[in-house]
Amino acid sequence: MEILEILVTANFWAAAVRIASPLIFGVLGALICERAGVLNLGIEGIFTAGAMAGWMAVWLGLPLWGGVLVAALTGGVFGLLHAGLTVPLGLSQHVSGIGVTLLASSLAYFAYRTALPDVSSPPRIVPFQPLDIPVLSDIPFLGPALFNQTALTWFAFIMVGVVAWVLYRTPLGLALRAVGDNPASVDAQGLSVYGLRIGAVVAGSALMAIGGAFLTMSAFDAFFFGMVNGRGWICIALTVFASWRPGKALLGALLFGAFDAFQVRLQTEVGAFLPSQVFLMLPYVLSIVALVVVARKADYPRALLVPWFKGQR
């Protein structure tokens, strides 16, 4: 019973929301790319590059939101590289994405070692602080769980609404969804398939990089090797779980955050009886199970992974 009581505590859900926040950015970014027909496996490296670039910018003197902008621009550059290889050239999206991951991660670590060659522990910055929203923060349960988060968490929630509105309420969103299902029809309307796909990958990659920046500028206060720890790959899986819909993407990220927060607390309760690795793998196992249940009914973009060349029939 004590274990189950964990699930109804405000601290548990506050931790779940905090863990889910970078995943929300990552899933939204992957969703935008894939809605346009491009799989972006560069997400893991883009997370790492965004984490390092945002933290480094703040450490060098920029304000926190300036660091977020630098991270987004960094992600956009890597997204442009991936889009340039896969959209007009039609190269393998899998190979290009893995290449971007390796390049972005390596460049991030190289830049860190070049800037700080003699540092044994990473310098600290002053990260985003939890907001204390009057009245709302004092609401029992909901106050500590939702209204004591940092500004970047609220920015993640806002972006869910923005992405949903753009995809389903604007001509741009209609064109973006169409280019991921039937690019020939988009071309027949006189719109640029290349432009839409490249723009989607750049915008999606910028959001992915902000997810990385969350780690160094909100969850922690420094950059260190291995901090992304597979979050990018989790976002790719959660995109399928979400059936490429922003609302379900938010739900999937919160679900994984809850799994992860739960395993940390389980270690405290029953850690003496089981190896710690059992608890560490728990959120991933549960995510795989949830993915298998949902993915069979997922309505994926029909032109995902399919290269398109102007003039082809």
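Helices (DSSP runs of H or I, at least four residues) and strands (runs of E, at least two) are numbered from the N terminus. The model is predicted, so local features need pLDDT of at least 70 and side-chain atom pairs count only at pLDDT 80 or more, while totals for chains, interfaces and linings use all residues. Residues are numbered from 1 along each chain as its sequence is written, and side-chain values use heavy atoms, with hydrogens and water left out.

**Exercise 1. The whole chain**

State how many helices and strands the protein has, and what share of its residues is buried.

Solution.
- Step 1: The secondary structure consists of 13 helices and zero strands. Read from the N terminus, the order of elements is α-α-α-α-α-α-α-α-α-α-α-α-α.
- Step 2: A residue is buried under 20% relative accessible area, exposed over 50%, and partly exposed in between (1.4 Å probe, protein chains only). Of the 313 residues in the protein, 50% are buried.
- Step 3: The accessible surface of the protein is about 14,500 Å² (Shrake-Rupley method, 1.4 Å probe). Carbon and sulfur atoms hold 70% of this surface.
- Step 4: Contact means heavy atoms within 4.5 Å. Among the contacts with a separation of 6 or more, 77% join residues 24 or more positions apart.

**Exercise 2. Two helices that cross**

Find the angle at which the axes of H8 and H10 cross, and name the residues that make the contact.

Solution.
- Step 1: Two packed helices are described by the angle between their axes and the distance between the axes.
- Step 2: Axes are lines fitted to C-alpha atoms, for helices over the stretch in contact, and angles run from 0 to 180 degrees between N-to-C directions. The axes of H8 (residues 171-181) and H10 (residues 193-219) come within 10 Å and cross at roughly 100°.
- Step 3: H8 is therefore roughly perpendicular to H10 (under 35 degrees is roughly parallel, over 145 roughly antiparallel, 65 to 115 roughly perpendicular, the rest oblique).
- Step 4: H8 brings Leu172, Ala175, Leu176 and Val179 to the contact, and H10 brings Val193, Leu196, Arg197 and Ala200.
- Step 5: Sorted by class, the contact has seven nonpolar, no polar and one charged residues. Ala, Val, Leu, Ile, Met, Phe, Trp, Tyr, Cys and Pro count as nonpolar, Asp, Glu, Lys and Arg as charged, and the others, Gly among them, as polar.

**Exercise 3. The cores**

Identify the residues with the most contacts inside the largest nonpolar core, and the helix that gives the most to this core.

Solution.
- Step 1: A nonpolar core is a set of buried Ala, Val, Leu, Ile, Met, Phe, Trp, Tyr and Cys residues joined through side-chain atoms within 4.5 Å.
- Step 2: The largest core has 77 residues, and Trp55 and Val163 have the most contacts inside it. The most is given by H10, with 13 residues.
- Step 3: Not counting residues up to four places away in sequence, Val163 touches Leu28, Leu31, Ile32, Leu207 and Pro246.
- Step 4: Another core lies apart from the largest one and has seven residues, among them Phe12, Ala258, Ala261 and Leu266.

**Exercise 4. Far in sequence, together in space**

Give the C-alpha separations of the pairs glycine 79 and valine 202, and alanine 209 and valine 70.

Solution.
- Step 1: Glycine 79 sits in helix H4 and is buried, with a relative accessible area of 0%.
- Step 2: Glycine 79 and valine 202 are 123 residues apart in sequence, and their C-alpha atoms are 4.6 Å apart. Beyond its neighbours within four places, glycine 79 is in contact with Val201, Val202 and Ser205.
- Step 3: Alanine 209 is in helix H10 and is buried at 0% relative accessible area.
- Step 4: Between alanine 209 and valine 70 there are 9.2 Å from C-alpha to C-alpha, at 139 residues along the chain. Neighbours within four places aside, alanine 209 is in contact with Ile46, Gly50, Ala51, Ala71, Ala72 and Gly75.

**Exercise 5. Positive phi**

Locate tryptophan 244 and leucine 305, and decide whether each is buried, partly exposed or exposed.

Solution.
- Step 1: Tryptophan 244 lies in the loop between H11 and helix H12 (246-270). Its phi is positive, about 60°, although tryptophan 244 is not a glycine.
- Step 2: Tryptophan 244 counts as buried because its relative accessibility is 3%.
- Step 3: Leucine 305 belongs to the segment after helix H13 (276-295), and its phi is near 75°, a positive value.
- Step 4: Leucine 305 counts as partly exposed because its relative accessibility is 36%.
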